[in-house]
Amino acid sequence: MKILLLGGTTEALAIARQLPANALYSLAGLGRVPRDLPCQVRVGGYGGAEGLGAFLRSEGIDLLLDATHPYAAQI
């Protein structure tokens with residue numbers, strides 16, 4: 001199963017530390033990417049809902065976890 005975790009909260013980072021190597025932790029923007037993560041990290045947006053949908057299909061994502069900040073203006 002391939003997992004995409006959308007981060008933005010402290011809890012997301014805790015989840016990312018438990019993900020398998022083939023999972024992807026996605027951050028909209030961050031000054032410094034943690035180096036102790038077992039999973040892959042992606043920084044940047046997707047270009048809206050259509051872009052995210054295309055990314056999910058092209059990467060074969062099976063499970064999307066949304067741990068973005070609850071007050072985020074965009075996801």
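This is a conversation between a student and a tutor about a predicted model.

Student: How many salt bridges does a search of the whole structure find?

Tutor: The search finds 2 salt bridges. Let's take them one by one.

Student: What makes the contact of Glu-59 and Lys-2 a salt bridge?

Tutor: Look at the distance between the side chains, which is 3.6 Å from N to O. The cut-off is a Lys or Arg nitrogen within 4 Å of an Asp or Glu carboxyl oxygen, so the pair qualifies.

Student: Which parts of the chain does this pair link?

Tutor: Distant ones: Glu-59 belongs to helix α2 (residues 48-59), while Lys-2 sits in the segment before β1 (3-6), and the two are 57 residues apart.

Student: Why are Glu-59 and Lys-2 called partly exposed?

Tutor: The label is for relative accessible areas between the buried class, under 20%, and the exposed class, over 50%. Glu-59 has 36%, so it counts as partly exposed. Lys-2 has 22%, so it also falls in between.

Student: How do you know that Asp-36 and Arg-17 form a salt bridge?

Tutor: Their closest N and O atoms are 2.8 Å apart. That is within 4 Å, so the name applies here too. Asp-36 lies in the loop between β2 (24-27) and β3 (40-43), and Arg-17 in the loop between α1 (10-16) and β2, so the bridge ties together parts 19 residues apart in sequence.

Student: Are Asp-36 and Arg-17 buried or partly exposed?

Tutor: Asp-36 has a relative accessible area of 46%, and Arg-17 has 36%. Neither value is under 20% or over 50%, so both residues are partly exposed.

Student: Why is Ala-12 called buried?

Tutor: Ala-12, which is found in helix α1, has 0% relative accessibility. Buried means under 20%, so Ala-12 is buried. Its C-alpha is 15 Å from that of Arg-32, and the two residues are 20 apart in sequence.

Student: What makes Arg-42 partly exposed?

Tutor: Arg-42, in strand β3, has a relative accessible area of 23%. Since buried means under 20%, and exposed over 50%, Arg-42 is partly exposed. Arg-42 and Ala-21 are 21 residues apart in sequence, with 13 Å between their C-alpha atoms.

Student: And how do you know that Pro-38 is partly exposed?

Tutor: Its relative accessible area is 39%. This lies between the 20% and 50% cut-offs, so Pro-38 is partly exposed. You will find Pro-38 in the loop between β2 and β3. From Pro-38 to Asn-22 it is 8.7 Å, C-alpha to C-alpha, although they are 16 residues apart in sequence.

Student: Which residues make the nonpolar surface patch?

Tutor: Val-33, Val-41 and Val-43 make it, and the patch covers about 190 Å².

Student: What makes Val-43 suitable for a patch?

Tutor: Val-43, in strand β3, has 44% relative accessibility. A patch residue needs over 30%, so Val-43 passes that cut-off.

Student: Which residues are closest to the centre of the largest pocket?

Tutor: The largest pocket has a volume of about 370 Å³. Of its 19 lining residues, Ala-28, Gly-45, Thr-68, Gln-74 and Ile-75 are the closest to the centre. Both β2 and α2 supply at least two residues of the lining.

Student: How many residues of each class are in that lining?

Tutor: There are 8 nonpolar, 11 polar and no charged residues. Gly counts as polar, so Gly-45 is one of the polar lining residues.

Technical notes:
Residues are numbered from 1 along each chain as its sequence is written. This is a predicted model: local features need pLDDT of at least 70, side-chain atom pairs count only at pLDDT 80 or more; totals for chains, interfaces and linings use all residues. Side-chain values use heavy atoms; hydrogens and water are left out. Helices (H or I, at least four residues) and strands (E, at least two) are DSSP runs, numbered from the N terminus. Buried means under 20% relative accessible area, exposed over 50%, partly exposed in between (1.4 Å probe, protein chains only). Patches are made of residues with over 30% relative accessible area and no salt bridge: like charges are joined within 9 Å, nonpolar side chains (Val, Leu, Ile, Met, Phe, Trp, Tyr) within 5 Å. Accessible areas come from the Shrake-Rupley method with a 1.4 Å probe; for residues, only the protein chains shown count as cover. On a 1 Å grid over the protein atoms alone, a cavity is a set of points where a 1.4 Å probe fits but cannot get out, and a pocket is an open set with protein on both sides within 12 Å along at least five of seven lines; lining residues have an atom within 4 Å of a point. Grid points are joined across faces, edges and corners, and a volume is the space filled by probe spheres set on the points.
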